[in-house]
Amino acid sequence: MTDPDLDVTIVDGYVDEPAHFGVPPYVSTYPRYVAGALVDAGVPRDRITYHTIDALREERDRWRDVEAADLLVYVGGMTVPGKYVGGTPAEPDEVRELAWTATGTTLVGGPVRFGVGEENAGAQDTERDDLDFDFVAKGDVEAAAYDLVHGGMEGFGDRMRDNEEVDRWARKGAFVIEQHPNHPDYLICEMETSRGCPYRCSFCTEPLYGADPTFRTPEHVVTEVEALAAHGARHFRLGRQADILAYGGDGEAPNPDALRDLYGGIREAVPDLGTLHLDNMNPITIVEWPEASREAIRIIAEHNTPGDTAAFGLESADPVVQERNNLNVTAEECLEAVRIVNEEAGWRPGGPGDPDAGTTATGASGSETVPSPATGRSTDARTAPTWGEDAPRRLPKLLPGINLVHGLEGEREETYEHNRQFLQRVYDEGLLLRRVNIRQVMAFAGTEMSDTGADIAKDHRREFKRYKREIRETIDNPMLQRVAPPGTVLEDVHLEYHQDGTTFGRQLGTYPLLVGLPGERELGRTVDVAVTDHGYRSVTGVPHPLDLNAASMDELTALPGVGRSTAGNIVAGRPHASVGEAADADLAAFATVGSPEGAD
C-alpha cells in the first residue's frame, strides 16, 4: 500500500431503498462505512470531510472541499420514491455538477448504481449512468473506496464487502456523524443487521444484494452502536434488513434468542438512548411461524421506544398482481399478521397490556367490557388498567404499517378495489395501522420489472391519484384518530419549519407524525405535544402540559371543546388556581395552571 496522503471529501446525496433509509434526520450506513474504509486504508480522520447535499446547497463555500479534494466520493440513490421533510435527495444534474467541480479523482456509489431516472419520483424508468464520475462502484462503494486508496488510486474490482470488513469499517467510520448538520440532537443512525432477501418480488432491488441474507452478529451491531454513541448518537433504527424477525436465523424463520441478544445489548450499551426503532418486518414470517414470531415481537416491544413501526410489504391485495409479481403474502395472511402485531405489541406505556402497568379499572362488574386502547377491541373491564394523571397516553409501542405499490404487472381496475377492501377490513376489525404507504413503482435493471418499466404506472396515473386521495380520506384520517386520539402525548417533538403562522415538527423515529403547533416558535428546539386534532397523515397539537395562565388564544382555541368564547373567558379570568376553575371542558389531559406570576 502506498501512503495515502490524500484529502477526501464524502458527499451524501441520501438514499432510499426497500431496506435502507438515509434522508435527514436519518444518516445511512454508506457515508459511515466509506469513512471507516478510508481510515482502514490509511487516510487520517482529519483528512476526511463529510457534507450532505443540503449543506452544499445552503453554503456554496463548502463546494471548495469538493473542488480541492484529491478524492471525491459521492454516495446516494433512490430505488423507492418518497416525499421528505428533513432533506431533499440529490437530483441527477446536481450529482453531475459535483463531478464537474471536482479536480481530483471521483468515485460514485450506493444504490445509484442500480439506475437513475430523470427525477426522484415514482412511475419512473431508470437507466445506469456514470453521471460523469471517473469510477462507478458497481459493487459496494465502501469496498471500492478501500481498494482504490489501498491500491494507490489505480482502480478497484467491483466486489461486495464481507461482514468482517463492515464490522471493522462501521467502528472506524462512526466519527463522521459529528460532521452531519443535524448532529447531535436531531440525528438517527440507520443500523444494518443484514442484507439480501430470499424472496424475489418483481420490482425490488434488495435481492440484488443476495438471495441468501447475510447477518451481522449481535455483538458487532452492538459494538457499532457503542462507537456511534461515543460520538454523540442517541437515536438508532434497525432499518437495514429485509425482515427483522428473520435476524440471526436461517434467513426466513424467526430467531427470538438472537433478537433478545441484539435488543438487550443495545439497551445495555446506551442506557440513555432516545430512540430505538425498526423498519421492515415480513408478514409471511409471522403467518408461517406464529408462535416464534409472537415471542420475537414481544422482545422488540419490551426494548424499543414508543411509536415504532413494522413496515409490511403487502404491495398488493389483488391475487392476480400477487401471482404475476412473485409477491409472497396474500391479503388474508397479511391481515392475520396485522392482528398478531396488534395483540403482542400494540399496547401503550402505562395503559392496557403494558407489562409494567399493574393498575386496574375500578367500578366494573359482571361481564362489562371496555375498548382496548391498543386494538380497539374489547377487553374485560375488571382487569383493564386505567390511565392515571401520572401516565399520559402515549403512542403504541409497535404497530404495523402497510406498503402498497402500484404499476405492477397485472394491475387492473379491480386492483384498487382489492386494496380498498383490505384496508377497510383492517379498520372495521378495530385494528391499528401506524401508516399506509402508497407509491408507484420505479423500474430498475436486474429486476423483473425492468422489461415492463413504468408503463403501467404511467397509464394508471389518473386512477392512482383518485384512489390515493380516497384512502387518505376514508382510512388514514380515522385510523390516525384511533392511533393518536386527542390527549396523546408526543415527547420530544423537534421543531423544523414555519408555514402560514404554524410551526411544524416531528419526533425522531420510523415514519414520525408531522405535528403542527399554533404560532411561530423557535426552531431547533424540542417540545412535548398533546394531540388535539388530525389531518390525513399529520396531527395538530399544543405544548404539553399547556399552562392556562400563559397560553395564547390560538393555543387555547386548539383545545377540544374550547372555542373562542371559552378561550376569551379563560384569558379574562386569569390567574386560575386550577384547570377545573378555568373551563367547564375536561382539559386534564392537556393543561395545567402555572403560578399567577406567569399569567397575563
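**A first look at the chain, its open sheet and asparagine 419**

Good morning; I will start with the chain as a whole, where buried residues, meaning those under 20% relative accessible area with a 1.4 Å probe and only protein chains considered, make up 57% of the 600 residues. Please keep in mind that this is a predicted model, in which local features need pLDDT of at least 70 and side-chain atom pairs count only at pLDDT 80 or more, while totals for chains, interfaces and linings use all residues. Residues are numbered from 1 along each chain as its sequence is written, and side-chain values use heavy atoms, with hydrogens and water left out.

The chain has 18 helices and 26 strands, which are DSSP runs numbered from the N terminus, H or I of at least four residues for helices and E of at least two for strands.

Let me turn to one open sheet, whose three strands follow the order S14-S17-S18 with parallel pairing, where two strands pair if DSSP finds at least two bridges between them. Its edge strands are S14 (308–315) and S18 (435–440), each of which pairs on one side only. S14 is joined by six bridges to strand S17, residues 398–406, and alanine 311 stands opposite glycine 401 in S17.

Finally, where does asparagine 419 lie? Asparagine 419 belongs to helix H13, which covers residues 413–428, and this residue counts as buried because its relative accessibility is 1%. Leaving aside residues up to four places away in sequence, asparagine 419 touches Ser316, Ala317, Asp318, Leu404, His406 and Tyr467, a contact being heavy atoms within 4.5 Å.

How values were computed: Buried means under 20% relative accessible area, exposed over 50%, partly exposed in between (1.4 Å probe, protein chains only).
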